[in-house]
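Got the viewer open? Let's take a short walk through the aromatic rings and the cysteines, one selection at a time.

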Amino acid sequence: MIINPGLLTNRPECLDEQINQWAMTTSETAYPTPSPLPPRDPLGEVFHMLRLTGTLHCRAELTAPWGLDVPQIDGCMVLEIVNAGRCWIEIEGEDPWEVREGSLILMPHGIAHTLRSDREVVAEPLFDIPVEKISDRYEIMRHGGGGDFTQITAGVVQVDRSAVGNLLDLFPKVLQIDAWDDESGWLQSTLRFISQEARDLKPGGETIITRLTDVLIIQLIRTWVDSVSGANQGWLAALRDEQIGQALVLMHQEPQHPWTVASLAQTVNLSRSAFSARFTELVGQPAMSYLTGWRMQLAHDLIRETTLPLGAIADRVGYDSEAAFSRAFKRIYDVPPGSKRRISKPLGHI
């Protein structure tokens, strides 16, 4: 479209009024104040947003004596299913404990740990043990001295923190469920199904194991949330609160939105003062401070794990300019965002 320059310099006053009215309307509708939300389950929203990616599975066929030193795997959860036999697990600073067939063990923070056939066995570094690669995402390990048999299906999954970061921070070092504690029987059935697929590895078996692993991880987390003693205080209690929980979900889902205390309060059907007081009481800090911290956490992860330009990252976390974003980032991390740039490495074998 070609514009006559004269129209820009000799336009009538009525056109100026129309342009100003259009500009005001546009600025108001670019990010309209959200309408009040219908009641929903904030904790359920968090589970819905829990995205597990980059899954890698290993079927470990182990014969006593055997021992495996599993290193710290940053940014990942490690799930271990004892399909047959038994083993001992040890985490630095804690007494070892025995797990038997039908146990699920989740390391939410990917912490280093040791698996052994018996407590006194010397463990070997995991990555020193050869594996048979079935595909890019599935491998088989055969290791040990020929004695009693144990089979473990292990999965490593990367967790997208963009929606549930604070929930992840609350997890303990280890979550565990035992199949014999499952009264409904679904867990035993699921484990048997995974064991069958791991043993036969028919076409589509890798996909089935991956999907069922996601289900098991979510069930482990849900079981922990239902049983945790601190569920009535802190961030988890805030998430359970009908209004504050919805506000937290909104901040996590749409960090780029120009949220204000007033717009959040309106969206969750509270007055501004009531919202501010309840948010601070439950979360432990004011809503805008929480939002800034969440945006910077997202930005930190994007800077370290992607090649996105800083300007694009600033836009994703709700800043109009790269300079404003850089100042906010430096206030939190004491260094400019460019200093945090690091490309993440792909998962190796587990």
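**Rings first**

Start by selecting F279 and Y290: both are buried, meaning under 20% relative accessible area with a 1.4 Å probe and protein chains only (exposed is over 50%, partly exposed in between). Before you go on, know that this is a predicted model, where local features need pLDDT of at least 70, side-chain atom pairs count only at pLDDT 80 or more, and totals for chains, interfaces and linings use all residues. Residues are numbered from 1 along each chain as its sequence is written, and side-chain values use heavy atoms, leaving out hydrogens and water.

Rings of Phe, Tyr and Trp (its six-membered ring) pair if their centres lie within 6.5 Å; planes under 30 degrees apart are stacked, over 60 edge-to-face, the rest tilted. That gives 5 aromatic pairs here. In one of them, the F279 and Y290 planes stand at 70 degrees with centres 5.9 Å apart, so this pair is edge-to-face.

Next, select F325 and F329. Their centres are 5.9 Å apart and their planes at 55 degrees, so this pair is tilted. F325 and F329 are both buried. Now widen the selection: ring pairs join Y319, F325, F329 and Y333 into a cluster.

**Last stop: cysteines**

How many disulfides are there? The count is 0, taking a disulfide as a pair of cysteine sulfur atoms within 2.5 Å. Finish by selecting C58, which counts as buried at 2% relative accessibility, and C87, buried at 1%.
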